[in-house]
Amino acid sequence: MQHYITRYVHIDGRAIYVDGTLLYGGETTDAEFLTEAYKGMGLDYPKFYKMDPLSRLAILATEALLRGRRLTQEYKPEDVAVIISCAHSSLDTDLRYQQSMATAPSPSLFVYTLPNVMIGEICIRQGIKGENTCFVSDSFDPDFQADYVNGLLTGNRAEVCISGRADYLRGEMNAFFMLVEKIPASLGEYNSQTTKQLYERQWKN
Amino acid sequence: MQTLKGQIVEQLNLQHIKPEDIGDDQPLFIEGLGLDSIDALELIVLLQQKYGIKLANPSEGPTVFKTVRSIAEYITAHKAA
């Protein structure tokens with residue numbers, strides 16, 4: 001059974017691209033870019049301000065990916081999967097939490113000291129209740145991730161999947177999210193080769 | 001109370017709210033500002049860091065953190081003590 005990429009998103013810390021086309025270009029960098037983009041995209045979700053940068057990045061990537069769509073109106077919430085990978089886990093927040101321990105450990109930082117919290121934030125925001133997993137790997141592994149996601153969809157454990165990568169450490173960030181569905185789409189079949197092409201294309205621009 | 005409102009906004013990362021927009025008697029949790037249990041812990045940290053006050057009895061939390069006024073009254077009472 002074939003699955004298809006119906007939309008994809010890149011965030012490089014300066015701009016947000018949807019299907020390779022600029023959606024939002026920022027004037028700031030680092031964590032400030034995330035707040036600027038949130039405002040620039042006209043989002044209204046005050047909880048965003050309480051999130052750590054990794055979760056903010058993941059939320060922005062998802063908002064750009066699903067712009068104009070609410071997956072849980074099209075699919076059962078249990079049929080929407082979120083499979084994301086990252087390189088640095090929650091290290092950025094871990095370090096800031098460690099620093100906070102010198103005075104008073106911050107509870108609001110502590111709750112973000114796991115990378116899969118970003119997926120939780122996506123699920124809360126979108127009302128998603130399907131399978132979700134966060135993998136940690138040095139570099140993006142499209143072969144592994146495509147196998148995993150295609151397995152979920154082929155086995156009918158999900159009907160649609162938000163799949164990709166989000167990483168943040170000390171102001172350096174990148175996100176690459178794809179929406180993978182069972183309906184044919186012009187962006188191509190979802191497999192490791194297409195994923196590699198789309199992933200590498202953006203970083204060459 | 002204005003100073004306290006500013007501290008609450010800063011401590012809880014309520015960047016979408018101006019301190020002056022928080023009413024003295026506005027409920028802080030659920031139907032009011034919509035704060036949650038993590039915010040309650042941050043308020044406890046705020047009392048410790050800014051005022052050197054430790055919430056002696058955690059069950060007092062819902063009463064103490066009900067509004068900005070109730071927090072201010074708790075601070076006044078315990079700083080004087």
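## Exercises on helix α4(A) and chain B

In this predicted model, α2 (53–65), α5 (107–110) and β6 (160–169) of chain A are the elements against which the buried residues of α4(A) pack.

**Exercise 1.** Determine which residues of helix α4 of chain A are buried, and why they lie on the same side of α4(A).

*Solution.* Step 1: buried requires under 20% relative accessible area. Within α4 (residues 91–100) of chain A, the buried residues are A:Asp92, A:Thr93, A:Tyr97 and A:Ser100. Step 2: these residues span an arc of only 130° around the axis, and therefore share one side of α4(A). Step 3: an α-helix has 3.6 residues a turn, so residues three or four places apart point the same way. Step 4: on the face of α4(A) turned away from the buried side, the exposed residues are A:Gln98 and A:Gln99.

**Exercise 2.** State what secondary structure chain B has, and assess how its radius of gyration compares with that of a compact globule.

*Solution.* Step 1: chain B contains four helices and zero strands, in the order α-α-α-α from the N terminus. Step 2: for 81 residues, a compact globule would have a radius of gyration near 12 Å; chain B has 12 Å, which agrees. Step 3: along the principal axes, its C-alpha atoms fill a box of roughly 35 × 25 × 20 Å. Step 4: 38% of the 81 residues of chain B count as buried.

**Exercise 3.** Specify how many positive and negative side chains chain B has, and how far apart the centres of the two sets lie.

*Solution.* Step 1: chain B carries 7 positive and 11 negative side chains. Step 2: the centres of these two sets are 6 Å apart. Step 3: as to surface composition, chain B exposes about 4,500 Å², of which carbon and sulfur atoms supply 53%.

How values were computed. Residues numbered from 1 in each chain as written. Chains lettered and ligands numbered in written order. Predicted model: local features only at pLDDT ≥ 70, side-chain atom pairs only at ≥ 80, totals over all residues. Heavy atoms only, no water. Helix = DSSP H or I, 4+ residues; strand = E, 2+ residues; numbered from the N terminus. Rg over C-alpha atoms; globule rule 2.2 N^0.38 Å. Buried < 20%, exposed > 50% of the residue type's maximum accessible area, 1.4 Å probe, protein only. Areas by Shrake-Rupley, 256 points an atom, 1.4 Å probe, with all protein chains shown as cover. Lys, Arg positive; Asp, Glu negative; His and termini not counted. Charge placed at Lys NZ, Arg CZ, Asp CG, Glu CD. Arc of directions from axis to C-beta. Contact = heavy atoms within 4.5 Å.
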